[in-house]
Amino acid sequence: MKNRIIMHVDMDAFFASVEQAADPSLKGKPVMVCGGLESRTVVAAASYEARKFGVRAAMPLAIARMKCPNGVFIEGDPEKYIYTSLRLNDIFREFSPIVEEYSIDESFLDVTDVADRFGGPVEIAKKIKQRVKEQFHLSCSVGIGPNKLLAKTASDLDKPDGLTVLAWEDLPAKFQTLPVEKLYGVGEETAKKLELLGVHTIGQLANVPVSALKKIFGVVGELLHDAANGIDNSPVLTEAERPPPKSVGNDYTLQRDTLDDELIRSVLLGLCSKVARRLRKGGHAGRTVTLKIRFSDFTTITRSRTLDTHVDLDKEIFDVALQIYQSLHKHMAVRMLGVSASNLMHTPPERQRSLFDYSFWKKYKRVIQSVDKARDKFGERSIMWGALIRKEAG
Ligand code: TTP
Ligand code: MG
């Protein structure tokens, strides 16, 4: 295989930085973006100023408030972050057509074939950082390496606003000296088992015979061995090359546990509408609809129904979710609801329906298509179902 040049871009304190860019009075202040402002939520993103107070992502809001009482707490605005993420990736694609949107704030770029045109990978990274700063007032950390594993490790080595190269010759000094839990794919459990073997660094892991790792971790043992030696042959996959998702789902935790059927219906409609919209955006349709309900004592019920045809319309998914909901025994107040569609196929075929159904369906599909267009242009909240215009259903 040709020597590849892979770049990983990770935005710094992404949600918090987007808020600081939108409101310059927040610059330099400890900003924490949360799912909501009630005590049940957690911090999604903490600006680097907030991290000085010990606040971290996934920390309960109540604790974050204690650690940083004078911080600025902001309710997150997912659409703003998704929009920014899409525009950032547009910038990356100006440099290389091979861009993988790995998460909302991380992308991989394969720059092997374009590096020379821009004066080398470091020059590309500098230009990207500059564009991102000028256009969005955001900073990012870039890692460059011969594969995705090393590029991703590199981007994390000098956060925020970093630019780090991890070349093969850097492995012993810059990669294998890192604590083993820094190795991509090593979670808490694996790290604990490795500690028991006396493995504390990536280099020590690289020295364990692969046969011993296979005995303990099975097939994963081989992957761990390769990773510790900096080996990763996985390609950077563009959107078109990525396998379709297995399912598409959304959850919602209510602000207060409730027995109010009308409220639950409107939350369900909101969730189904989101799921349907995501299906259509990805060109998918699903045959199985799953409803998840968590009650106030945290017991959780999950029920699925599989249909004869694939569906991608709000009402179709809502009808099934509601049927499932109505068939359930509700023994106490509801805390959380989730809806997902699975059994997905790409691009739904024309469906066989009765003539009566068909004319209704055609009209409905047309309405939904114009709603989608308006949402593409003016944002997800520009058009909503009447039943959703209630505070709780948000
Ligand atoms: P991260 O890249 O993990 O974090 P970050 O960008 O805020 O900070 P860093 O500079 O360390 O990269 O996640 C990207 C965004 O994803 C983050 O801004 C908010 C969101 N997120 C959550 O909503 N919940 C979480 O638990 C985490 C870790 C992130
Ligand atoms: Mg980030």
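**Reading a ligand site, two backbone oddities and some helix pairs**

Analyst: Let's start at ligand 1: a backbone N or O atom of Ala-13 lies 2.8 Å from one of the ligand's oxygen atoms. Keep in mind that this is a predicted model.

User: Okay! Which other residues should I look for around ligand 1?

Analyst: There are 13 residues surrounding ligand 1, and the closest are Ala-13, Phe-14, Tyr-48, Arg-51 and Asp-105. To spot a polar contact, hunt for a pair of N or O atoms within 3.5 Å. Phe-14 gives you one through its backbone, where an N or O atom sits 3.0 Å from an oxygen atom of ligand 1. Tyr-48 uses its side chain instead: an N or O atom there is 2.6 Å from a ligand oxygen atom.

User: Back to Ala-13. What should I notice about its phi?

Analyst: General idea first: most residues other than glycine have a negative phi. Now the case here: phi of Ala-13 is near 40 degrees, so you're looking at a positive value in a residue other than glycine. To find Ala-13, go to the loop between β1 (6–11) and α1.

User: And what kind of peptide bond joins Lys-159 and Pro-160?

Analyst: As a rule, most peptide bonds are trans. The bond from Lys-159 to Pro-160 is cis, with omega about -10 degrees. You'll find Pro-160 in the loop between α6 (148–155) and β8 (163–165).

User: Now helices. At what angle do α1 and α4 pack?

Analyst: Here's the trick: 65 to 115 degrees counts as roughly perpendicular. Helix α1 (residues 14–22) packs on α4 at about 95 degrees, with the axes 10 Å apart, and the pair is therefore roughly perpendicular. On the α1 side, the contact is made by Phe-14, Phe-15, Val-18, Glu-19 and Ala-22; α4 brings Lys-80, Tyr-81, Thr-84, Ser-85 and Leu-88. By class, that's 6 nonpolar, 2 polar and 2 charged residues. Phe-14 turns up here as well as among the residues closest to ligand 1.

User: How do α10 and α11 pack?

Analyst: Read the angle, then the distance. Helix α10 (residues 210–217) and helix α11 (residues 219–228) pack at about 140 degrees, with their axes 6 Å apart. The two are therefore oblique to each other, and their crossing is right-handed. Residues from α10 in this contact include Leu-213 and Phe-217, while Val-220 and Leu-224 are among those from α11. The contact as a whole has 6 nonpolar, 2 polar and 2 charged residues.

User: One last pair: which residues of α4 and α5 make their contact?

Analyst: Set the scene first: α4 (residues 78–95) and α5 (residues 121–136) pack at about 145 degrees, axes 10 Å apart, in a right-handed crossing. From α4 come Thr-84, Arg-87, Leu-88, Ile-91, Phe-92, Glu-94 and Phe-95. From α5 come Ile-124, Lys-127, Ile-128, Arg-131, Val-132, Gln-135 and Phe-136. Sorted by class, they give 8 nonpolar, 2 polar and 4 charged residues.

How values were computed:
Residues are numbered from 1 along each chain as its sequence is written. Chains are lettered from A and ligands numbered from 1 in the order in which they are written. This is a predicted model: local features need pLDDT of at least 70, side-chain atom pairs count only at pLDDT 80 or more; totals for chains, interfaces and linings use all residues. Side-chain values use heavy atoms; hydrogens and water are left out. Axes are lines fitted to C-alpha atoms, for helices over the stretch in contact, and angles run from 0 to 180 degrees between N-to-C directions. Helices (H or I, at least four residues) and strands (E, at least two) are DSSP runs, numbered from the N terminus. Angles under 35 degrees count as roughly parallel, over 145 as roughly antiparallel, 65 to 115 as roughly perpendicular and the rest as oblique. A crossing is left-handed if the near helix is turned anticlockwise from the far one by less than a right angle, and right-handed if clockwise. Contact means heavy atoms within 4.5 Å. Ala, Val, Leu, Ile, Met, Phe, Trp, Tyr, Cys and Pro count as nonpolar, Asp, Glu, Lys and Arg as charged, and the others, Gly among them, as polar. A residue is near a molecule or strand if one of its heavy atoms lies within 4 Å of it. A polar contact is a pair of N or O atoms within 3.5 Å; within protein, one must be able to donate a hydrogen and the other to accept it, and residues adjacent in sequence count only if both atoms are side-chain atoms.
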